[in-house]
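Trainee: Could you take a close look at one part of this model with me? I would like to understand how the two chains meet.

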There are 2 protein chains.
Amino acid sequence: MARKVFVTSRPWQEALEEFLGTLRSNGYLAGLPAEEIDVTQALGRVTAAPVYAAISSPHYPAAAMDGIAVRAEKTFGASEGEPLELALDREAAVVDTGDPLPEGFDAVIMIEEVAFKDKATAVIRRPAVPGQNIRPVGEDITAGELLVPANHILTPYDLGGMLSAGVTRVAVRPRPRVAILPTGTEVVPPTPNPAPGQILESNGTMLAGLVTRWGGEPQVYPITPDDYQLLKERLLQALAGSDLVLINAGSSAGREDYTARLVVELGQVLTHGVATRPGKPVILGIVEGKPVIGVPGYPVSAALCAELFARPVIYYRQGLEPPRRERVQAVLARKIYSPLGREEFVRVRLEREGDRLVAIPTSRGAGTIMALARADGIVVVPRLAEGFAAGQEVTVYLLRKSEAGSQKSEFL
Amino acid sequence: MARKVFVTSRPWQEALEEFLGTLRSNGYLAGLPAEEIDVTQALGRVTAAPVYAAISSPHYPAAAMDGIAVRAEKTFGASEGEPLELALDREAAVVDTGDPLPEGFDAVIMIEEVAFKDKATAVIRRPAVPGQNIRPVGEDITAGELLVPANHILTPYDLGGMLSAGVTRVAVRPRPRVAILPTGTEVVPPTPNPAPGQILESNGTMLAGLVTRWGGEPQVYPITPDDYQLLKERLLQALAGSDLVLINAGSSAGREDYTARLVVELGQVLTHGVATRPGKPVILGIVEGKPVIGVPGYPVSAALCAELFARPVIYYRQGLEPPRRERVQAVLARKIYSPLGREEFVRVRLEREGDRLVAIPTSRGAGTIMALARADGIVVVPRLAEGFAAGQEVTVYLLRKSEAGSQKSEFL
């Protein structure tokens, strides 16, 4: 019956700073070793080094239009009144867009401005200027030029640019592998016919989805029952093949909450408990130099804990700053009361009323996953505030895009 | 030498409306047949039908805290002065969070408020209220409740909610398969050592990246040379296995531009040429009831053409509205001149100057893919305007997130 209740109430910011600081000083955040992959497979990957152009683009002087290549000085004097005839092959050459400019020519006249007297003779009615309708070597990209810096998320345009510059392989950061360990003797795979007391394992899939969004590669392990030895074996197995381990549930101080004990045995617990609501009994630990996070069992607590602590680790491990959350200002539809001493994360829906946005707080239970799924954003009540008044303007951190569009005549 | 130059200059909005209207009336946009997949695999997929809860969550009355279950009326009168002893198993039962409430009990006292006199006796110093620290059946989700509507992109939270509600399979729309056909006798796979006149194939990968972003499943075909018969075979092969075909290059009216002829032979060309810059010589056609888009060869034209015409088709085919583009207001750093009669899409970089955003136009060549890769957004000059003055406020449609964050003490 003996228990050791040692959950603390630290500000989460302080806990995160210490966690990241420790991971920084042990070299964990120094960046994963690079892997080289085909540029065609690199969408969304993060560059491990700057990428430079192998060749110029264009790599030869090219026709920018379909038309005829000419020597500009030979066209001076052509006019509506005095059309000029040019002998094909000798004085002019038919070119398509992208063709190399034939030797001895320095301009292209677009096809719409050319008449053909016969198979061997083109007729023009306007002179050409040197360089006209020609793409000089390196117009887009110069050989050796920096294309993208290190620690950059590759876009479709970047990939196009790299290939145009003759770059076919790129060094990227491996995606951080995140092991997700659902635990609990009472936890079972989802089924429409559970027995009373059985808890359906849903957090693993939710956490895996969040990890994917942040650029990680999740692996959800089978459910581990509440057995110290089994959990220990599973944790060691997970650590061997991953960069970060999330142990789901077992983070509070109940009878079968082995996680903290286990992390203490195998490594170091930096934090057990933060002053947030929901999400209080989180564990931040380090085992074998890798971060291990004990995530609370309630879905909303689990999601928040992952957002606060796993997200920055996953981003920094890729060499990226966690992106700034999108936010909007909104007016509170009703008062939020929140006890002093905890930072509370309140889910809200957003509605537009005239030209202002109204934030409507939704259910606050830590177990109400559907309330989170339906929320548009989060309002944060600071630790040293007791809430916000109705009508007060607050910042809403968006969980999803706030508006879907119907934009008929706009740039879609 | 005979050519038929029949590229027109329609407003792109009109061309798109006709294209979508035709696809709507031939049933193409009625929605793809659903496929059923595991909920664990459904992140980012689009529901084909509303999803309802199979069971309630919780599906039994559950302890919301670690503690002891009691019958509230038996605890009345307990106080600091007169602590109450409860016989374990008979008058109280130890429960962990999530345990089913044992028969005959109606409240849970949290463990921090319980003392244990011996193995068989708990001591409390405060009465309990009926329902206290209990999650009633259906607190989060009621059996039969609508969880997510049809045509909804599934989030990590949605997946968690569905699994909690005993839903393990979900009907989703197949991802539209998009065949991308690079063409051109002069086009070669990217290499750092091309011969003059060889064009490196980069658009296929760029277009594939865009298609992926929009929820489609791209397949880039091998390069087809400029041979009518080969291109015809390739197009028919691509149509058989895909929902949309993008033929890259061959959309203008040059000597070897077979695409329009081919689409006319096999189906219907709705549009050949729109009044935009870049991106003019696009082909919008329908073959075997499916959309075929002839995409110009210049990378920036290709990207714009895909954004304007392929993006809405791919979204609508999934049962989704194309999402509204994010946009900001900014002040133009310098004048943009744009000829009357064409809607021009000008790439800009954004810089913050004090409390205003400044939009700086970048290179306007259609071939300058890196200028597009480095742009923050697009400014649209309408067809019937000649540009914008320096200092004018304009709308910038964002190509990427404008700011990366360093937000130490914020909700990360």
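Mentor: Let's start with one pair: B:Glu145 forms a salt bridge with A:Arg374, and their closest N and O atoms are 3.0 Å apart. A salt bridge here is a side-chain nitrogen of Lys or Arg within 4 Å of a carboxyl oxygen of Asp or Glu. By that rule, the interface of chain B and chain A holds 2 salt bridges. This is a predicted model, in which local features need pLDDT of at least 70 and side-chain atom pairs count only at pLDDT 80 or more, while totals for chains, interfaces and linings use all residues. Residues are numbered from 1 along each chain as its sequence is written, chains are lettered from A and ligands numbered from 1 in the order in which they are written, and side-chain values use heavy atoms, with hydrogens and water left out.

Polar contacts add to the picture, with 16 residue pairs between chain B and chain A, both residues at pLDDT 80 or more. Such a contact is a pair of N or O atoms within 3.5 Å; within protein, one must be able to donate a hydrogen and the other to accept it, and residues adjacent in sequence count only if both atoms are side-chain atoms. On the side of chain B that touches chain A, helix α2 (residues 156-164) of chain B gives the most, with 8 residues. Helices are DSSP runs of H or I, at least four residues, numbered from the N terminus. That side of chain B divides into 52 nonpolar, 27 polar and 28 charged residues. Ala, Val, Leu, Ile, Met, Phe, Trp, Tyr, Cys and Pro count as nonpolar, Asp, Glu, Lys and Arg as charged, and the others, Gly among them, as polar.

Now for the whole interface: 107 residues of chain B are in contact (heavy atoms within 4.5 Å) with 105 residues of chain A. Together the chains bury about 8300 Å², of which 61% is on carbon and sulfur atoms. Buried area is the accessible area (1.4 Å probe) that two parts lose on being put together, summed over both.

How are the copies arranged? A turn of 180° and a shift of 0.0 Å along the axis lay chain B on chain A with an RMSD of 0.1 Å, so the two copies are related as by a two-fold rotation axis. The superposition is by least squares on the C-alpha atoms of residues with pLDDT of at least 70 in both. In chain B, the C-alpha nearest the axis belongs to B:Glu326, 5.6 Å from it. The copies meet through the same surface, because 98% of the interface residues of chain B are also interface residues in chain A.

Technical notes:
Helices (H or I, at least four residues) and strands (E, at least two) are DSSP runs, numbered from the N terminus.
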